[in-house]
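Please look over the structure shown below, and then read the briefing that follows it. The points are grouped by topic, so that each can be looked up in the structure in turn.

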Amino acid sequence: MPTSPIFLTGLPGSGKTTVGRLLAKSLACPFIDTDEKIVETFGSPIPAIFKTISEGGFRLLESHIVESCLTQPAVVALGGGAASFAKTRQILQGQTVIYLDVPVDEAVKRVGDGRGRPLLSGNPEQAIRHLHEQREGAYRSLASMSVDASKPADIVASRILELVNLESSVTQVPVFGAKNYQVTIGRSLASRLNSVIPHAATKALVIHPEALARQAQDLAGTIDIEAHTFEVPDGEACKTAEVLESCWDACAKNRLGRQDVIVSLGGGAVTDLAGFTAASWLRGIEVVHVPTTLLAMVDAAIGGKTGIDSQWGKNLIGAFHPPHAVLCDMEYLQTLPRAEMIAGLGEIIKAGYIADPKILDIARTSPHTLLDPTSPQLKDVVSRAVQVKARVVSEDLYESGIREILNYGHTFGHAIEKCEGFQIRHGQAVAIGMVYAAHLQRILTSGRVDMVEDIMSLLASLGLPTSYAGDSWANLLDAMYSDKKIRGSQLRFVLLDAVAQPKVVSVNDVDALAQAAFSVGVSR
């Protein structure tokens with residue numbers, strides 16, 4: 001039996017009731033048909049209810065019934081128009097909603113003369129075609145997954161059962177703001193890609209690094225619309241103006257229009273590049289991120305920051321462009337090199353220190369499990385880190401306020417990356433940056449706040465670096481002053497008064513900055 005309701009949505013004739021009964025029987029849980037519930041509640045057939053309270057009243061009554069279903073494990077067949085009613089959509093956010101995708105001709109054949117369906121009276125075929133045009137976008141955007149409902153009901157129910165079994169290990173995190181989207185975390189998520197591609201898209205361009213050429217071809221093969229792949233250099237080498245221009249050329253060659261979509265497949269560098277390509281092509285088209293590294297899953301793919309590097313610094317050229325959706329498929333981590341896994345933990349631990357102490361508890365208790373892509377502990381901390389970032393960027397997309405706390409460890413970390421020619425992994429640089437920030441906090445508070453040993457011990461247990469002696473203090477200071485987080489020519493740092501108590505401070509005490517650098521091993 002499921003632990004939460006499963007909602008079925010789709011056109012009249014998609015089989016919601018028939019499939020729903022079969023599915024409920026297999027899952028040993030109740031079946032609820034919202035139309036039947038409304039008839040039972042109102043005491044009249046649906047055509048009479050429409051005449052009495054109009055479609056608007058019917059949809060409002062329907063939304064109350066849908067809300068009442070949230071408290072019980074059941075299979076719920078929604079009315080055909082439920083997905084297009086704003087209040088019902090709000091209630092269903094974050095729920096398991098399955099779109100029964102049936103061809104219009106098949107739906108027409110199944111409903112016959114449309115008897116008992118007030119919206120199909122007169123000319124059922126014409127009405128269904130009109131409803132399909134009106135509602136398909138709502139169905140797809142609301143659904144957490146979709147199935148081909150043209151097949152017999154028992155086959156459709158079996159397919160849903162397979163998906164629901166996978167769903168039990170899936171976490172969905174909503175990100176709100178100027179544009180709302182979902183981050184899905186789980187395994188075997190390729191089947192979900194079609195359900196998150198914009199419904200109006202007719203072409204997709206999958207941008208990927210050379211190392212993922214085969215996986216990109218496989219992913220493109222799962223996309224129902226015309227799909228092309230475009231290969232870019234591995235790692236940070238792809239984040240150049242020249243590579244960006246080649247991505248524009250690929251968009252032009254494949255005739256991507258404003259309704260089309262870019263899909264990123266790769267680590268944080270590819271996510272940044274593909275996002276900026278989408279932000280700048282035709283003044284902005286949609287992008288779906290499929291991150292394949294731990295770092296990209298918890299950081300680059302979420303929040304809408306896109307960009308490329310330049311001789312002046314990292315990510316100084318870019319745009320804020322939130323994705324349409326993010327699919328974090330943990331299976332990609334099974335082939336990720338151990339060093340990349342360790343580096344990705346830097347951003348996860350950062351999320352623990354600024355907002356979620358439970359991440360730190362898991363890391364202290366069983367650090368070895370966080371290097372196992374199949375462990376529930378890793379999925380837990382990934383989901384928690386995603387939730388931290390989602391909460392922050394939902395409140396502050398453009399980094400004008402609270403979003404700055406996500407830069408914990410980044411001011412010094414970015415300086416290291418620049419001085420190392422971006423050859424050091426971002427998560428490693430952030431780990432050193434967190435140690436630097438802890439030393440700086442201790443110096444500025446005359447020892448009243450001292451978290452250095454705790455941070456160094458935890459990072460070291462995960463294999464992350466805690467010191468740096470690769471370049472001089474003068475070069476690092478110069479690199480920090482070129483960082484985009486500068487305000488009024490003053491360096492800004494995220495410091496911790498305690499775990500989960502971050503604050504952003506401007507620091508112009510060069511002696512304190514230098515002393516903190518020497519404490520992490522920088523040469524004088």
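**Briefing on the predicted model**

Within the five-stranded sheet, Tyr99 has Ser146 of strand 5 standing opposite. The structure is a predicted model, and the points below begin with this sheet before turning to the helices and the aromatic rings.

**The open sheet**

- The sheet is open and consists of five strands in the order 2-3-1-4-5, and their pairing is parallel.
- Its edges are formed by strand 2 (31-33) and strand 5 (145-148), each of which pairs on one side only.
- On average, and with direction ignored, neighbouring strands of this sheet are turned by 25° against each other.
- Strand 4 and strand 5 are joined by four bridges and pair in the parallel sense.
- As a general rule, strands of a sheet pair through backbone hydrogen bonds, which may be parallel or antiparallel in arrangement.

**Helices on the sheet**

- Helix 6 packs on the sheet, where it touches strand 1 (6-9), strand 4 and strand 5, and its direction makes about 140° with that of strand 4.
- Helix 2 (residues 34-42) lies across strand 2 and strand 3 (75-77), and runs at about 70° to strand 2.
- In helix 5 (residues 104-111), the buried residues include Val104, Ala107, Val108 and Val111, and the buried residues of this helix pack against helix 6.
- Gly112 follows helix 5 and has a positive phi, near 60°.

**Aromatic rings**

- The structure holds four aromatic pairs, and a pair of rings is described by the distance of the centres and the angle of the planes.
- In the pair of Phe50 and Phe58, the ring centres are 4.8 Å apart and the planes stand at 45°, so this pair counts as tilted; Phe50 and Phe58 are both buried.
- Tyr99 and Tyr139 form a stacked pair, with 5.2 Å from centre to centre and 25° between the planes.
- Because Tyr99 lies in strand 4 (residues 96-101) and Tyr139 in helix 6 (residues 124-142), the pair ties together parts that are 40 residues apart in sequence; Tyr99 and Tyr139 are both buried.
- Phe412, Tyr436 and Phe493 form one aromatic cluster.

**A β-α-β unit**

- Strand 8, helix 9 (residues 213-221) and strand 9 make a β-α-β unit that is right-handed.
- Strand 8 (residues 203-209) and strand 9 (residues 226-232) run parallel and are joined by seven bridges, and Leu205 stands opposite His228 in strand 9.

**A helix pair**

- Helix 17 (residues 426-444) and helix 18 (residues 452-461) pack with their axes 9 Å apart and at an angle of about 170°, which means that helix 17 is roughly antiparallel to helix 18.
- Among the residues that meet are Ala431, Met434, Val435 and Ala438 in helix 17, and Val452, Ile455 and Leu459 in helix 18.

**One residue in helix 13**

- Is Glu340 buried, exposed or partly exposed? Glu340 has a relative accessibility of 29%, and therefore counts as partly exposed.
- Glu340 has its place in helix 13 (residues 338-354), and its C-alpha atom is separated by 43 Å from that of Lys151, the two residues being 189 residues apart along the chain.

Key: Residues are numbered from 1 along each chain as its sequence is written. This is a predicted model: local features need pLDDT of at least 70, side-chain atom pairs count only at pLDDT 80 or more; totals for chains, interfaces and linings use all residues. Side-chain values use heavy atoms; hydrogens and water are left out. Rings of Phe, Tyr and Trp (its six-membered ring) pair if their centres lie within 6.5 Å; planes under 30 degrees apart count as stacked, over 60 as edge-to-face and the rest as tilted. Buried means under 20% relative accessible area, exposed over 50%, partly exposed in between (1.4 Å probe, protein chains only). Helices (H or I, at least four residues) and strands (E, at least two) are DSSP runs, numbered from the N terminus. Two strands pair if DSSP finds at least two bridges between them. A crossover is right-handed if, with the strands pointing away from the viewer, the path from the first strand over the helix to the second runs clockwise. Contact means heavy atoms within 4.5 Å. Axes are lines fitted to C-alpha atoms, for helices over the stretch in contact, and angles run from 0 to 180 degrees between N-to-C directions. Angles under 35 degrees count as roughly parallel, over 145 as roughly antiparallel, 65 to 115 as roughly perpendicular and the rest as oblique.
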